[in-house]
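Here is a short tour for anyone about to work with this structure. Have a look at the sequence and the fold first, and then we can go through the details together.

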Amino acid sequence: MSSIREVAKLAGVSVGSVSRYLNGQQLKSQNMEKIAAAIQALDYKENIIAKGLKNNRSFSVGLLMNSISSQFGAEIISAIEEVMEESGYSILLSGFKGDLSNIDRKIDYLMKHAVDGLVVFVSEQDWDGMERLAELPIPVVAINSPVQVLGIDQIHVADRESVAQVVQHFVKTNHQKIGVLAAPQNDFVARERLIGAQSVLQDYPEIELTTVIGDYSRLSGYRGAETLLQHDISALLVTNYNMAMGALEFLHQDKNSKDKKIVLAHYDYTSEMAELLEDRIVIKAPTRKIGQLCANQLLSRMNDKAIVEEQIIVENEIFGL
């Protein structure tokens, strides 16, 4: 009996491409012709239909998230897709672009496409629909969810602890005035990171912590750094990648910040602009690891629904301490 890997090999495409073709998704016409020819040559069409009917599976999984275009999300999606393709699954990706009223509709869309499992990347505190996810007849894995729900696997990144570690380092290296450029606080991850910074100051009442809230954009990072430098800070922590790039631009251009030798700590997922400042601390979320853990956990739950849900904590990497 032929396998999906044999079809992919004969057609000269990836396993994921064959899976997407079988699920009715559009590919390049040339690839679709190659896959169709390979299926016919190997008599695979009858086999996959029989397998799907027998196991009641569509061999697709849904992924629901806010910002598909973010660096953090893109790298996690890539890792999830890689693991899923190796197991013959395709990904149906759906984003709601910050509009919480669209989430239920997006879930309905994915369920109508009979996905076998669902990855949810919804960190907005204002969304109260997590309970609905527990009622779905498929396994669900949530990444950085603000709500604990029975029956749903959770993957959390230890952001609060990582930020606290960085701010504690600032304090121990004699920084009396510290600036924090944080993301909007309606987001669970953004709140966790700011709480991590604030928690350290409970033990150091003499330390002055000044906070500016940006809007995720590079421009708000630039302006936020400019504002914080006016408070005579000597150390700056930026909790979002895009805003960090804006802050880096300001520090690189501003003569006063160079004279003050501002110590910068920020989240980063690439080496972009790494050469601009020597004295930096970088927090890197292991996005590839997060995606792989998420995909493997979902595969395990789809293959054995008797498995008890888990909460997995992922540590960040911190460079420059």
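Is Arg160 buried, exposed or partly exposed? With a relative accessible area of 33%, Arg160 is partly exposed. Please keep in mind that this is a predicted model. The points below cover its cores, its salt bridges, two of its helices and some backbone angles.

**Nonpolar cores**

- The largest nonpolar core holds 69 residues, and the ones with the most contacts inside it are Ile80, Met84, Phe170 and Leu236.
- Helix H11 (residues 241-253) supplies the largest share of this core, with eight residues.
- Apart from that core lies another one of 17 residues, which includes Phe96, Ile103, Leu110 and Ile152.
- Once neighbours within four places in sequence are set aside, Ile80 is in contact with Leu63, Ile91, Val119, Gly291, Cys294 and Ala295.

**Around Val83**

- Val83 is part of helix H5 (residues 71-86), and a relative accessible area of 11% makes Val83 buried.
- Leaving out neighbours within four places in sequence, the contacts of Val83 are Gln292, Ala295, Asn296 and Leu299.
- Val83 and Gly291 are 208 residues apart along the chain, yet their C-alpha atoms are separated by 8.4 Å.

**Salt bridges**

- Across the whole structure, a search finds five salt bridges; here are three to look at.
- Asp153 pairs with Arg301, and their closest N and O atoms are 2.5 Å apart.
- Asp153 sits in strand E5 (residues 153-157) and Arg301 in helix H13 (residues 287-303), so this salt bridge ties together parts that are 148 residues apart in sequence.
- How accessible are these two partners? Asp153 is buried, with a relative accessible area of 1%, and Arg301 is buried too, at 7%.
- Glu192 and Arg160 form a salt bridge through their side chains, with an N to O distance of 2.7 Å.
- That pair links distant parts of the chain, with Glu192 in helix H9 (residues 188-200) and Arg160 in helix H8, 32 residues apart.
- Glu192 has a relative accessibility of 17% and counts as buried, whereas Arg160 is partly exposed.
- The side chains of Arg218 and Glu249 also meet in a salt bridge, again with 2.7 Å from N to O.
- Here the link runs between helix H10 (residues 218-229), which holds Arg218, and helix H11, which holds Glu249; the two residues are 31 apart.
- Arg218 is partly exposed at 34% relative accessible area, and Glu249 is likewise partly exposed at 26%.

**Helix H8**

- Helix H8 (residues 159-172) has 14 residues, so at 1.5 Å a residue the expected span is 20 Å; the end C-alpha atoms are 20 Å apart, in agreement with that value.
- The buried residues in H8 are Asp159, Ser162, Val163, Ala164, Val166, Val167, Phe170 and Val171.
- One of them, Phe170, is also among the residues with the most contacts inside the largest core.

**Helix H3**

- Helix H3 (residues 29-42) also has 14 residues, and its end C-alpha atoms are 20 Å apart, which agrees with the 20 Å expected at 1.5 Å a residue.
- Met32, Ile35, Ala38 and Ile39 are the buried residues of H3.
- Viewed down the axis of H3, these buried residues fall within an arc of 130°, so they line one face of the helix.
- Exposed on the other side of H3 are Ser29, Gln30, Glu33, Gln40 and Ala41.

**Backbone angles worth a look**

- As background, most residues other than glycine have a negative phi.
- Asp43, just after H3, has a positive phi of about 55°.
- Asn174, which follows H8, has a positive phi near 70°.
- Asn144 is not a glycine, but its phi is positive, at about 55°. Asn144 lies in the loop between strand E4 (140-143) and E5, and a relative accessibility of 2% makes Asn144 buried.
- Tyr216 is another residue other than glycine with a positive phi, in this case near 80°. Tyr216 belongs to the loop between strand E7 (208-213) and H10, and is partly exposed, with a relative accessible area of 32%.

Technical notes: Residues numbered from 1 in each chain as written. Heavy atoms only, no water. Core = buried A, V, L, I, M, F, W, Y, C linked by side-chain atoms within 4.5 Å. Buried < 20%, exposed > 50% of the residue type's maximum accessible area, 1.4 Å probe, protein only. Helix = DSSP H or I, 4+ residues; strand = E, 2+ residues; numbered from the N terminus. Contact = heavy atoms within 4.5 Å. Expected span 1.5 Å × (residues − 1). Salt bridge = Lys/Arg side-chain N within 4 Å of Asp/Glu carboxyl O. Arc of directions from axis to C-beta.
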